[in-house]
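Me: I have some questions about the terms used for this structure. Please set each value against its definition.

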Amino acid sequence: MMSRFREIAAVFLVAAILYGMQRTTPLYSEITSLVPAYGEQGKRIDARAFAFAVVNVHLARMVRTESFGRTQDFTTSGVWVLIEGAAEAKRESLTLTTANWLGPSGISYALSQRFSILPGLLPNQRLEPGLPKPVLLAFEVPESEVSGATLLVPRNYMTPLDEEIRMPVTNIDTNAIHAAITLKRSTVGLPWILETE
Amino acid sequence: MQQRSTLRQRLIAILVTGVGATAAAAISFGVTVYEAAHPRAVPVVPAGEPIDTGRWNITFQAAHSGPVPPTGVEPSESKKFVLVEFDATNLSAATGFVSPTLFTVDPPVPNLPAPVFYLARDKWIASGLNPSMPERMIAVWEWPQALALPETLRLTVGSQIYKRRDNLYGASSWFDRDPIAVVELPVSRDGAR
Amino acid sequence: MMGDVAPRERRHYWLSLAALVVILPATVLASSWDSLMQWRANHYRIQISVERQAAQRYAGADWKLSELTRLPGGMPEESVVLVEFEAAVDDPAILSKSPCEVALTDEQGRIWKPVFLTEPIVRELHPEAAEKQGCSNFAFEGSSKGSRITMAETFTVPTAAENLALSVTVFGALPDYMLLK
């Protein structure tokens, strides 16, 4: 009788262990997730293959681009977040093709590709070892996702277990949303000129 | 005595699992056959009514046809376009592109290339749509020259489900599922410009 | 339970357990063998170091770095490096089929890849070099024994970078690659 009881108890124990293992198995995306390199806004953040720093964060209701005499308005139902920064490759020439704005709700907004021909945009900027280059990032996010966000800059988004810079956006003035920001091409200094209205 | 009883127990165990597995396979096969024989009717949704496809919420507005794409610039080589305006909201948690298989022309038109999606705001080819930021989109089919432009367009809208762990890798992603709605739109003809 | 089992059976039990120690790693190795070989093919490289002005036999041709010119870059601290090199073809079989990759390296092991568009300053000061093509199988298409192919690539590097060398990899000749100093 006692041994019969012990057998049943063992079956239940095994079932409980299996259930626990099934519930706590990490997701595939977690196993192969990117390795984070944390940093602060305004400071140089080093990953192994590249370094990145945010200089300015601007907010606007509209972005106007002026390029080769052609003016275009880019409206949005949310807010434009424009980030001026610098990036540098460390060991080998590379291009950072993507970045994400991770809102406080956990929803991620990818780099906007709506005005992708402008020079200096992150995916257009070839980074060389030892030569810091100015980079411009544009995101389009709902107004509620502006404060409390984290900027994510992965080396590239295809390779699992690659590295990713994670920078909480701490210094952002949510009251100063400009009506419009104009971006122009420039031939000296920065590759773009940013004017607020 | 001990030995024989174990043997009998084993036989029963084998029998039970065998019968169980066979029954499960038979039921699953039967359900598949039954569903194939009795397809569920896909509801016809009028224009202007939102359709929740799982990953997207889309509302068809209107369809028209003509020689001018949404850019407003008529191509030098005369072409026929069929344009469908719709509102799309990304219901997922990340920026995503509207898939060319989100809705398809029904019945299929031979040699019809996949549609190109334009963002009405920019009058330009759309890039990814951000979550919870509804956008007016225009799906543009380049209609085969040999075919007459349609008077009405019947579209089958697909659906998607999110799997936290897919059956192959255990990875989280979206998967296409059966059509969820059918939309019939009258196609107005743009004035020749 | 184990008490009433014959000693032979018990020995088999322990032997089987011990065999697992060998068999499990062997299975892992066997099932990942192709991936391992692929990884080795992708990463294993043998360097052929070539001194300045010397010619080196590689992938069916004699290679030589003819000119390495530093020009001022668009930004301060930045240099444009124009590298002109040539290959005297002996056997075009490998060269005309497999891709060729070049990069500029320095003594710290940093790697610069060629720029996509030729820098304006190269067009201005070395128009003949700007016309030359880069290293690729297209450069060797239709070449025959005895033909001399001249090539050029442009890089942007920090002015402070020293001991620059050109690495040339023809994929058909792997694992060997050349480092032209």
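Me: What makes β5(C) and β8(C) a pair, and in which sense do they run?

Reply: This is a predicted model, where local features need pLDDT of at least 70, side-chain atom pairs count only at pLDDT 80 or more, and totals for chains, interfaces and linings use all residues. Residues are numbered from 1 along each chain as its sequence is written, and chains are lettered from A and ligands numbered from 1 in the order in which they are written. Two strands pair if DSSP finds at least two bridges between them. β5 (residues 100-105) and β8 (residues 165-170) of chain C have 6 bridges, so they pair, in the antiparallel sense. Within β8(C), Ala165(C) stands opposite Thr105(C).

Me: Why is β5(C) called a strand?

Reply: Strands are DSSP runs of E with at least two residues, while helices are runs of H or I with at least four; both are numbered from the N terminus. β5(C) covers residues 100-105, so the length condition is met.

Me: How do you know that β5(C) also pairs with β6(C)?

Reply: The two strands are joined by 2 bridges and run antiparallel. The rule asks for at least two, so this counts as a pair. Thr105(C) has Ile111(C) of β6(C) as its bridge partner. The hairpin has 5 residues between the strands, and Gly109(C) there takes a positive phi near 85 degrees.

Me: Which residues of β5(C) are called buried, and by what rule?

Reply: A residue is buried if 20 or more other C-beta atoms lie within 10 Å of its own, exposed if 12 or fewer, and partly exposed in between, with C-beta atoms placed from the backbone. Cys100(C), Val102(C) and Leu104(C) point to one face and are buried. Glu101(C), Ala103(C) and Thr105(C) point to the other face and are not buried. In a regular strand the side chains alternate between the two faces of the sheet.

Me: How many residues of chain C are in contact with chain A, and what makes a contact?

Reply: Two residues are in contact if their C-beta atoms, placed from the backbone, lie within 7 Å. By that rule 9 residues of chain C touch 7 residues of chain A. On this side of chain C, β7(C) gives the largest share, 3 residues.

Me: How does the radius of gyration of chain A stand against the globule rule?

Reply: The radius is taken over C-alpha atoms, and the rule is 2.2 Å times the number of residues to the power 0.38. A compact globule of 197 residues would have a value near 16 Å, whereas chain A has 23 Å. Its C-alpha trace spans about 90 × 40 × 25 Å along the principal axes.
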